[in-house]
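Hi,

Here is the structure I promised to pass along. Have a look at it first, and then read my notes underneath.

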Amino acid sequence: GFFTVSMADADHVIEGDYVGVVSGNKVPDKLEKAGFHTFKSDFVNAPLIEELPMALECKLISFDKETDCLIGEIVNVCADESILDDAGNIDYKKLNPITFDPMYHTYITLGERVGKAFSDGKKIEG
């Protein structure tokens, strides 16, 4: 099987929360009710959401029904041109992604860059 993971952004907090809390089994048109429109991916047999500017297109590797643990292989990253920098890379400031804060049951945007991966830690080796 295949699936897509659309990245929620600050512009779509209400819509993203709605589709996250409403079951598609009870409300089969929940995407439309949220104002989302879908189109078929060119890479996997699964839909993408037109209004959300970034998505991961994945091939299903495994799913554990007991733990609800889903493992997939990313086969494509779909990104709208509006969130790309001049070099064609995803600019997270333009994307303005959100994440769930389980402590306060709120959504927060991801913050500023605070370090350089695989580099800053080498300062300790000294």
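Below is what I found when I went through it.

First, a caveat: this is a predicted model, so please read everything here as computed from that model.

**Overall layout**

The protein has four helices and seven strands. Starting at the N terminus, the order of the elements is β-α-α-β-β-β-β-α-β-β-α. Along the principal axes, the C-alpha atoms fill a box of roughly 60 × 35 × 35 Å. Of the 126 residues, 21% count as buried. If you take contacts between residues at least 6 apart in sequence, 40% of them join residues at least 24 apart.

**Strands and hairpins**

Strand β4 (residues 54-64) is a good place to start. Strand β1 (residues 2-6) pairs with β4 in the antiparallel sense, over five bridges. Ser6, for example, has Ala55 in β4 as its bridge partner.

β4 is also joined to strand β5 (residues 69-79), again antiparallel, by 10 bridges. Here Leu60 has Gly72 in β5 as its bridge partner. β4 and β5 form a hairpin with four residues between them, and Asp68 in the turn has a positive phi of about 60°.

There is a hairpin further along the chain too. Strand β6 (residues 98-101) and strand β7 (residues 106-109) pair in the antiparallel sense over four bridges, with Thr99 standing opposite Ile108 in β7. Four residues lie between β6 and β7, and His105 in that turn has a positive phi of about 50°.

One residue of β5 you may want to click on is Ile71. Its relative accessibility is 42%, so Ile71 counts as partly exposed. Beyond its neighbours within four places in sequence, Ile71 is in contact with Lys59, Leu60, Ile61 and Ser62. Ser82 is 11 residues from Ile71 along the chain, yet their C-alpha atoms are separated by 29 Å.

**What's packed inside**

In soluble globular proteins, nonpolar side chains tend to be buried together. Which residues make up the largest nonpolar core here? There are six: Phe3, Met54, Leu56, Cys58, Ile83 and Leu95. Strand β4 gives the most to this core, with three residues. Another core, of five residues, lies apart from it and includes Val19, Phe36, Ile49 and Leu52.

Phe36 is found in the loop between α2 and β2 (38-40). Is Phe36 buried or exposed? Its relative accessibility is 2%, so Phe36 counts as buried. Leaving aside neighbours within four places in sequence, Phe36 is in contact with His12, Glu15, Gly16, Val19, Leu31, Ile49, Glu51 and Leu52. For Glu51, the C-alpha to C-alpha distance from Phe36 is 6.2 Å, with 15 residues of separation in sequence.

**Cysteines**

I know you'll ask about these. A disulfide is a covalent bond between the sulfur atoms of two cysteines. How many disulfides does the model have? The count comes to zero. For Cys69, the nearest cysteine sulfur is that of Cys58, 13 Å away. For Cys78, the nearest cysteine sulfur is also that of Cys58, at 12 Å. Since a pair of sulfurs has to be within 2.5 Å to count, neither Cys69 nor Cys78 is in a disulfide.

As for accessibility, Cys69 is partly exposed, with a relative accessible area of 39%, and Cys78 is partly exposed at 25%. Cys58 belongs to the largest nonpolar core. Apart from neighbours within four places in sequence, Cys58 is in contact with Phe2, Phe3, Val44, Glu73, Ile74 and Val75.

**The largest pocket**

The largest pocket has a volume of about 360 Å³. It is lined by 17 residues, and those closest to its centre are Gly16, Val19, Gly20, Leu31 and Ile49. Four elements, α1 (13-21), α2 (30-33), β3 (47-49) and β6, each supply at least two residues of the lining. Which element gives the most to the lining? That would be α1, with five residues.

Some names come up twice here: Val19 and Ile49 are in the five-residue core, and Val19 and Ile49 are also among the residues closest to the centre of the largest pocket.

Cheers

Definitions and conventions: Residues numbered from 1 in each chain as written. Predicted model: local features only at pLDDT ≥ 70, side-chain atom pairs only at ≥ 80, totals over all residues. Heavy atoms only, no water. Core = buried A, V, L, I, M, F, W, Y, C linked by side-chain atoms within 4.5 Å. Buried < 20%, exposed > 50% of the residue type's maximum accessible area, 1.4 Å probe, protein only. Contact = heavy atoms within 4.5 Å. Pairing = 2+ DSSP bridges. 1 Å grid on protein atoms, 1.4 Å probe; cavity = no way out; pocket = protein on both sides within 12 Å on 5 of 7 lines; lining within 4 Å. Points joined across faces, edges and corners; volume = space filled by probe spheres on them.
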